[in-house]
Amino acid sequence: MSSHVADTVENAIATPDKVQPYGALGLKDDEYAEIRKILGRRPTSGELAMYSVMWSEHCSYKSSKIYLRQFGQKVSEKMKEKLMVGMGENAGVVDVGEGWAVTFKVESHNHPSYIEPFQGAATGVGGIVRDIISMGARPVAVMDQLRFGAIDHPDTPRVLHGVVGGISFYGNCLGLPNIGGETYFDACYQGNPLVNALSVGVLRHEDLHLANASGVGNKIVLFGARTGGDGIGGASILASDSFDSTGPTKRPAVQVGDPFAEKVLIECCLELYREGLVEGIQDLGAAGISCATSELASNGDGGMFVELDHVLLRDPTLTAEEILMSESQERMMAVVKPELLDQFMAVVNKWDVETSVLGEVTDTGRLIIHHGGEEIVNVDPRTVAIDGPVYERPVAYPTWIDALQADSADKLARPTSGAELKDQFLTLVASPNLADKSLITTQYDYFVMGNTALSFPDDAGMIRVDEESGLGFAIATDANGRYCQLDPYQGARLALAEAYRNVAVSGAVPAAVTDCLNFGSPENPEVMWQFKQAVAGLADGCLELEIPVTGGNVSFYNQTGDAPIHPTPVVGVLGVIDDVARRIPSAWQDEGNNIYLLGFTRTELDGSAWAGTIHNHLGGVPPVVDLNQEKELADLLQGAAIESLILSAHDLSDGGLGQALAESVSRFGVGARIWLDEIIERDGVDAATALFSESTGRVIVSVPREDDVRFVGLCEARNYPVLRIGVTDQGGADAKLDVQGLFEVSVDEIRQRSNETLPKYFG
Amino acid sequence: MRVGVITFPGSLDERDAQRAVKLAGGTPVALWHGAHDLEGVEAIILPGGFSYGDYLRAGSIASHAPIMAEVIDAAHKGMPVLGICNGFQMLAEARLVPGAHGRNDCGTFVRRDQKLIVENNNTAWTKDFAQGEEIIIPLKNADGRFVADADTIKRIEDNGQVTFRYVGVNPNGSLDDIAGVSNKAGNVVGLMPHPEHAVEPGFGPDTAAAMRSGLDGLKFFTSVIQSTLLSKA
């Protein structure tokens, strides 16, 4: 046991004037005053620790709450139909039919991943996976959305190798297929890379579990890894003289992950669920025991009593405050009926998972924590976990945005000759954000579990849920920070539209949304305006598409110096497919099939990859997005998929048609002959625009010749613009992309240009 | 035919191995590392994963698990035993097959659709292949570099104990491109790539014919299961 004597409630009453380091713990003067008011006395050091972490931006959403409410308000009846659990729980749960449900969520681990990229990214995966387990689900897939600084900056390799290594290490050891994600490079992320991690789990409806502590007398059990001194946010403060000088000194703020412990914990939890041994469950993530006890108690119907001495420690010198705040990984807290405790212990013992009973559910309405026989915490748990501060931060229309929007890419020189077009086409193919990402993705296992129907580089990842029926889900995520910088409202809708389209091209029906909103400092009114706009855009967009936001995460304070990152709202869309055997790959595999372009091409080069790569330009307004049209496109693709009319479908986004063609020929080495004349004529654009514009609502599909009439009939019946733009050609060593009348390029050259970029910097 | 698949703490591909056994016409039996009971199975698979977090050395701690006493005994008596990836590492640690494994020479985990050549089709797990057949099997590991001293390499080459070799790309720096080896009797086979991930259309490796269509892994399991069924018929 610790020699450190914690500050007791009795002591707090006796010494009301003791100066407390609340400022250094991140609490403002009025927040500290509010805590004193709630308690009717000064908080103990343990209570102060709990309030400070639970009222932090990360845990309390105090700056974002007033905006996030829209996701619950802008909903139609249809959006609620399939939603079993909405926002506010560890993760949202969606009914996918046949008695199955899917739970999914994306979360950020940005700041730790800059300080210590390997462990930061690894524990990001670990944390989101525990959220999924705590819903009662078996995790079945992960994805990562990564944004790094400039590819040629000297610090980027450190961050990239660490982050990718950490994800690979943790995800592969957990046995979870990594089925997709994003990798972008932009100088705005130099001092603040974004590492978002998404996980998906599946469960039978009856296995749904929630985080609440109900039933007086039920036991509070902590199991998994031991509690150590890692991941204590305010550690340097807690261990300083202001508290007590006998405690350990500096503690690392970044957690250390042990995927083996988590893998065992997953299997152990699933067995506990199967045997019906758990009443409520909560994972330990940010704010550790402080968060788990206060949230479980708040969501229950009574109070909770905990004896902190029963926490199994990795380091016996930890103080009570540190135990309360530690973010040691791979821990879960369960509520267990006393008569089932022996059976519970038998299961955890089978898996060699260390476990201790900390206390029980009470009817006091208070969360009471003892340490060394003394009362160190006595609070109303709701004041810690739920009724934290809410801010309406100042919002200001950015002073620079009108000038930025006026600076359109329309004035930039566009290539006209075949040679220039070819040169720019290849420059884009080789550009860091469009180049082949195998250097990263070959470090991820997508085979494990044997249910992966699609994964990178397909537009969406797809997993079979039911081996008998073939029922499955597809998932894709997107965010274009450049578009969001130009217009955060439209940018968020564009991210939603693209993720939605990526799910639709796989043959699945989009059903639900998760988001990870990465922004700069909320104390900057212009950033707050960006946030407000992006949330409104996303909420409005979801209402138009009639798919609900089921949960997600907000990450503020992403800045390099005083410069905020581009607003980066990562949007994940989940879709359902009756039978994964009907999935549609994103590249063609055989010659002699017709290639069709669905949708209109407009002159929309503002914020495009072309403007950024060729002209180093960011300005203007992002492409128009018509969500009703996206819906029609998705319906059309599903109709074609059900009738098996299409062999491949690939969405057009970053890099436009040119990049989609490059990816389609490179994937399986099957060439193509393409003609742009009809696009140019029908849409009134030039060749460069036809190739590089990023207009929305567009997809290229390949169709067997014998199904031509039916396919075109289907498009015309739905009044969706369709043009035959080419045919797939021979594969093999002579395979080429022939953009007729403009340029020819061998598939080998496209592959080589695409493949050489990342190894050049990170090989 | 009952084929046991052992679950160790940190095993990952045991459900895939069970599915493969089923697709090959056998009956998978889930065995537990902590038991001293093979439950009457006629063949055993040590699946892939990161048993015990690969702490100490990959496969090292698992090779001392309680059930391994029975596995080693059965292997010496001729029962077919297949070790896949982490299972291969366990077999090497238990000295049931020659050699050992080091970190991939590239330094990272590698996942790829790997071409192999069947160097010996005269083992319990390779009977259904043609000698010299080229197959595509998913590979995914961090510690897959096969190493052995020069005498051992010469001995296993001479004895025909090199069962599979990498073709085209040696993904991890294995000596002599060795991807899999057997014991001298040929009933125990270990390999780095994962045949259980190439057994079902739509979920296997890419082939020249189509995406995710590779089924070459199935023959590992049919080699044991079908020949046993035939011998009983």
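Trainee: Which residue does Gly303(A) stand opposite in β11(A)?

Mentor: Ground rules: this is a predicted model, so to speak of a local feature we need pLDDT of at least 70, side-chain atom pairs count only at pLDDT 80 or more, and totals for chains, interfaces and linings use all residues. Residues are numbered from 1 along each chain as its sequence is written, while chains are lettered from A and ligands numbered from 1 in the order in which they are written. Strand β9 (residues 303-307) of chain A runs antiparallel to β11(A), with four bridges joining them; two strands pair if DSSP finds at least two bridges between them. In β11(A), Gly303(A) faces Thr362(A).

Trainee: How many of the residues of strand β11 (residues 355-362) of chain A are buried?

Mentor: Strands are DSSP E runs of at least two residues, helices are H or I runs of at least four, and both are numbered from the N terminus. A residue is buried if 20 or more other C-beta atoms lie within 10 Å of its own, exposed if 12 or fewer, and partly exposed in between, with C-beta atoms placed from the backbone. β11(A) is mostly covered, and of its eight residues the buried number is six.

Trainee: And which residue in β11(A) stands opposite Leu222(A)?

Mentor: Here the pairing is between strand β7 (residues 219-224) of chain A and β11(A), antiparallel over five bridges. Across from Leu222(A) in β11(A) you find Ser356(A).

Trainee: In what order do the six strands of the open sheet in chain A run?

Mentor: The pairing in this sheet is mixed, and the twist from one strand to the next averages 25 degrees. β1 (83-85) and β5 (178-185) of chain A each have a single partner strand, so they stand at the edges with one side lacking a neighbour in the sheet. The full order is β1-β2-β3-β6-β4-β5.

Trainee: What angle does the direction of helix α9 (residues 156-174) of chain A make with that of β4(A)?

Mentor: Strand β4 (residues 138-148) of chain A pairs with β5(A) in the parallel sense over six bridges, and Arg147(A) has Tyr184(A) of β5(A) as its bridge partner. α9(A) packs on the sheet, touching β4, β5 and β6 (194-204) of chain A. Angles run from 0 to 180 degrees between N-to-C directions, and axes are lines fitted to C-alpha atoms, for helices over the stretch in contact. For α9(A) and β4(A) the angle is about 180 degrees.

Trainee: α3(A) and α12(A): roughly parallel or roughly perpendicular to each other?

Mentor: The axes of α3 (residues 45-54) and α12 (residues 288-299) of chain A come within 9 Å and cross at roughly 85 degrees. Angles under 35 degrees count as roughly parallel, over 145 as roughly antiparallel, 65 to 115 as roughly perpendicular and the rest as oblique. That crossing therefore makes α3(A) and α12(A) roughly perpendicular.

Trainee: How many nonpolar residues are in the contact of α5(A) with α21(A)?

Mentor: Helix α5 (residues 65-73) and helix α21 (residues 525-545) of chain A have axes 9 Å apart at an angle of about 5 degrees. In α5(A), Tyr67(A), Leu68(A), Gln70(A) and Phe71(A) meet Phe531(A), Lys532(A), Val535(A), Ala536(A) and Ala539(A) of α21(A); contact means C-beta atoms, placed from the backbone, within 7 Å. For classes, Ala, Val, Leu, Ile, Met, Phe, Trp, Tyr, Cys and Pro count as nonpolar, Asp, Glu, Lys and Arg as charged, and the others, Gly among them, as polar. Besides one polar and one charged residue, the nonpolar number is seven.

Trainee: Val747(A): buried or exposed?

Mentor: Val747(A) sits in helix α28 (residues 747-762) of chain A. Leaving aside neighbours within four places in sequence, its contacts include Val665(A), Ser666(A) and Leu737(A). There are 24 other C-beta atoms within 10 Å, so Val747(A) is buried.

Trainee: How many of the 10 residues of helix α27 (residues 708-717) of chain A are buried?

Mentor: α27(A) lies largely in the open. Just after α27(A), Asn719(A) takes a positive phi of about 60 degrees. The buried number in α27(A) is one.

Trainee: How many residues of chain A are in contact with chain B?

Mentor: Chain B gives 25 residues to this contact, divided into 10 nonpolar, seven polar and eight charged. Elements of chain B giving two or more residues are α1 (14-23), β6 and β7. On the side of chain A, the number is 26.

Notes
Contact = placed C-beta atoms within 7 Å.
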